[in-house]
Every structure is written in structure tokens, then in C-alpha cells.
Amino acid sequence: MKDLTITDSILYIGADDKTIDLFESQYVVPNGVSYNSYVILDEKVVVMDTVDSRAADIWIENLEKALNGREVDYLVVSHLEPDHAFNIQRLAEKYPNMQVVGNVKTFAMAPQFFTVDLSTRSITVKEGDTLNLGKHTLQFFMAPMVHWPEVMVTYEQSSKILFSADGFGKFGALDTEEEWTDEARRYYINIVGKYGGPVQTLLKKAAGLDISMICPLHGPILKENLGYYIDKYLTWSSYQPEEKGILIAYASIHGNTAKAAKKMADILEQKQAQNVVLMDLARSDISLAVSNAFRYDKMVVMAASYDSGVFPCMENFLLHLKAKTYQNRTVAVIENGSWAPSAAKCMKAILGEMKNITLCEPTITIRSTMKENTIQEMEQLAEHLLKAE
């Protein structure tokens, strides 16, 4: 279990969910997910966000244990997405004197989710506003479009803790022992990745704060080597490659394109290419494929032609990349077609809608099965790909 100790007066009250199969009904989470919530015990008591409906009962138990008979004075709403805000109404009804802290956009959107009237018990904050609890002081910073328009983060001044909303989150329950980066990358790229500009703006605000700990709404509390995590976010949000490497993403119908993809990987590895990663798009988790495309500086897309277009799993992959603002990469294209090859044209059309994509030539057309001339062309393409900057 990850260390959930924050301070003597700031307690973790969230919960793990190991029964969920798809986060947001689309992302595979083999190790579950955590819904993080926190309580600050001072002259005034504040709850930092609620949790998803799936963890509501255990969250209430954790909260009541932490309160030990005290009432809640404030609920801070960082983000209205249901996995964090589902229990706002339940908490408001349980503690009728509790005030809800949010921004203008928070309270504009809240009636879409809840029937409870917050108009007489809301505290609307704006950029830089503070809320004194006694020994603790909360300061609020707006983070619109990271990744909803009403998002804000909260900095607790005395303990130097940043409550970062969905920022710095990751997939995986807290009782899972795993390295942070891979699942944090998959989480960021697929959920927040489209909004790199707003993330950069938030990071500039965070740079002006003395931060000793980051408490996100998903994933572990970050206490050490914070520069590492911030550097990852700087890289991801600027759409720059995280490291040198080549993702070979292929979509094969009967296995012939797959054989060529494996051969291409062999050729690249023989030429001492770094980090060659092979992914079968028909069988791989799409969020992991998208994450790997962002991780590396180069990519080879290989697909069969299909219905005068491209095999659907490749089209789906490329459209996901486009939606997440994939850019600043070198991409090689290989198509397969038995009588009227069409995959390359379709793949290039989608890639052409992305920013700063360099197509590495030659484009290769396989006629049904890989032949000796195909291998020679792949050798040439590999040379050009490795020389490309």
C-alpha cells in the first residue's frame, strides 16, 4: 500500500476501486483506480472533493472516522466530473450548515448534476483567493480545461501542499505496487492530452509556489523528487517526444501485414535502433498504443487496405492521435493491398491533418505478401527513418 500519511491534520479519506473494468467506459484499468479525497481538520473542517458513486459508502465511513464527531464546515470542489463530485449532494444533505467552495463555472454547471440548492450556501472564489481555516490557509488557482472548464487547484500554504485535481494522476489502485510513469503517461495522454496549452499555463502558476507535496484526485500522493513528475508534465504538455524510439503500429487482417511489421522491427533492431516497440492494433489496448505514440519520437504505421480505405483499427488509432493533438513526430507509412491498395492514402490524409508531422519516404506498398523486394524497400526506409531528426 502506498504511504497515505499527509500530515497530522490533513488526512486521506479516499478509496480504491478494484472492481472497475473500464475507466470512463473506455480505458482498461487492470489494476483498478483510486478516488482520492482529503479532509483538513482545523478550527474549520474542510473536505477536499468527494468520490465516485462506486466508492460512496466506504468514503462516508472514512470521512466519519476522520471527523470523530465533528461537522464539516466547507467542501472544496476542484472538479465536477462524477468520479470526484458524485457525493456533493449526499454531503450537502448530511451537513446542512456546510458551505460549498467553487468558482463561477462550478456553480453554473452544478445544477446539471444535482437537485440540491447551493445558492445560499456557496462561496465563489476566483484566481488567488484564500480561505482561512485557522492554522491552514487555502489558496485557489483556476485551471480551466485541465480538463474541464470549471477545474481549479488548491494550495495549502502552511504545509505547502498542492491539491492538483486531475493533474499528476494515474491509473491503478493505491494498493498496487507499480512504477508511476507508464500509467501516469497513459492517464495524462488519453484524458488530459488534448489540453496541453492549459496544462502549460497551470504549470507556470505552480512554478511560483513552494510545493512540498502533490495530492492528486487519482493515484499516489507525491512526496519526493517532485521535479521528476513536473518535468514529465512539461514534456507531455508541450507535445515533445519523451524519449528516442520507434513505435511500429500495425493493423493486419490475415497476418501478412503482421509478418511484415515483425520483419520491420527486426531490420530496425539490427540497425541498432533504440526502443523498437511493436503493437498489433487489432489486439492492443488503444489507450496504450496512443500513449506509446506520444512517448517516442518516431512511428511506423502499417495497415491493410479495407473497403477502399484502411483497416478500421488503424483508422481508429490515427483518429485518436488526431483528437489528442499528436504532433512533432516523424512517421513512416507502409500499406498492404491485394488489388487496389488504399491504406496509405487514407493514413496520410489523417496524418496530414496533424501539426508538424514529417513523413519519411519511401512509402511502401506490399502486394498481399512480403517479397524480397519488399524487404529491400524496408531496409531503405529503415535507413531513412534512423537518419531523420
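Let's start at Lys-65, which sits in helix α1, residues 56-67. Keep in mind that this is a predicted model. Is Lys-65 buried or exposed? With a relative accessible area of 73%, Lys-65 is exposed, because the cut-off for that label is over 50%. If you want a ruler for this part of the chain, take Gln-89: Lys-65 and Gln-89 are 24 residues apart in sequence, and their C-alpha atoms are 20 Å apart in space.

Next, some backbone geometry. Most peptide bonds are trans, and most residues other than glycine have a negative phi. Against that background, a few spots deserve a look. Val-146 and His-147 are joined by a cis peptide bond, with omega at about 5°. His-147 belongs to the loop that runs between β12 (137-142) and β13 (152-156). There is also a cis bond going from Glu-361 to Pro-362, where omega is near 5°. Here the setting is a strand, as Pro-362 lies in β21.

Now for phi. Lys-160 isn't a glycine, yet its phi is positive, near 60°. You'll find Lys-160 in the loop between β13 and β14 (161-163). How accessible is Lys-160? Its relative accessibility is 33%, so Lys-160 counts as partly exposed, falling between the 20% and 50% cut-offs. Asn-328 is another non-glycine residue with a positive phi, about 60°, and Asn-328 is part of strand β20.

On to the helices, beginning with α11, which covers residues 343-351. Which residues of α11 are buried? They are Ala-343, Ala-344, Met-347, Ile-350 and Leu-351. Looking down the axis of α11, you'd see these buried residues fall within an arc of 135°, so they line one face of the helix. And what covers them? The cover includes the strands β18 (296-306), β19 (309-310), β20 (327-336) and β21 (355-366), along with helix α10 (312-323). Two of those strands have come up already: β20 holds Asn-328, and β21 holds Pro-362.

Helix α10 is worth following a bit further. The axes of α10 and α11 come within 10 Å and cross at roughly 10°. An angle under 35 degrees counts as roughly parallel, and therefore that is how α10 and α11 run with respect to each other. The crossing in which α10 passes α11 is right-handed. On the α10 side, the contact is made by Met-314, Glu-315, Leu-318 and Leu-319, and on the α11 side by Met-347, Ile-350 and Leu-351. Sorted by character, the residues of this contact are 6 nonpolar, no polar and 1 charged. Met-347, Ile-350 and Leu-351 were also listed among the buried residues of α11.

The last stop is another helix pair, α8 (residues 256-270) and α12 (residues 372-387), whose axes come within 10 Å and cross at roughly 50°. That angle makes α8 oblique to α12. This crossing, too, is right-handed as α8 passes α12. From α8, the contact takes in Ala-260, Lys-263, Met-264, Ile-267 and Leu-268. From α12 come Ile-375, Met-378, Glu-379, Leu-381, Ala-382, Leu-385 and Leu-386. How do the residues of this contact divide by character? There are 10 nonpolar and 2 charged residues, with no polar ones.

How values were computed. Residues are numbered from 1 along each chain as its sequence is written. This is a predicted model: local features need pLDDT of at least 70, side-chain atom pairs count only at pLDDT 80 or more; totals for chains, interfaces and linings use all residues. Side-chain values use heavy atoms; hydrogens and water are left out. Buried means under 20% relative accessible area, exposed over 50%, partly exposed in between (1.4 Å probe, protein chains only). Helices (H or I, at least four residues) and strands (E, at least two) are DSSP runs, numbered from the N terminus. The arc is that of the directions from the helix axis to the C-beta atoms. Contact means heavy atoms within 4.5 Å. Axes are lines fitted to C-alpha atoms, for helices over the stretch in contact, and angles run from 0 to 180 degrees between N-to-C directions. Angles under 35 degrees count as roughly parallel, over 145 as roughly antiparallel, 65 to 115 as roughly perpendicular and the rest as oblique. A crossing is left-handed if the near helix is turned anticlockwise from the far one by less than a right angle, and right-handed if clockwise. Ala, Val, Leu, Ile, Met, Phe, Trp, Tyr, Cys and Pro count as nonpolar, Asp, Glu, Lys and Arg as charged, and the others, Gly among them, as polar.
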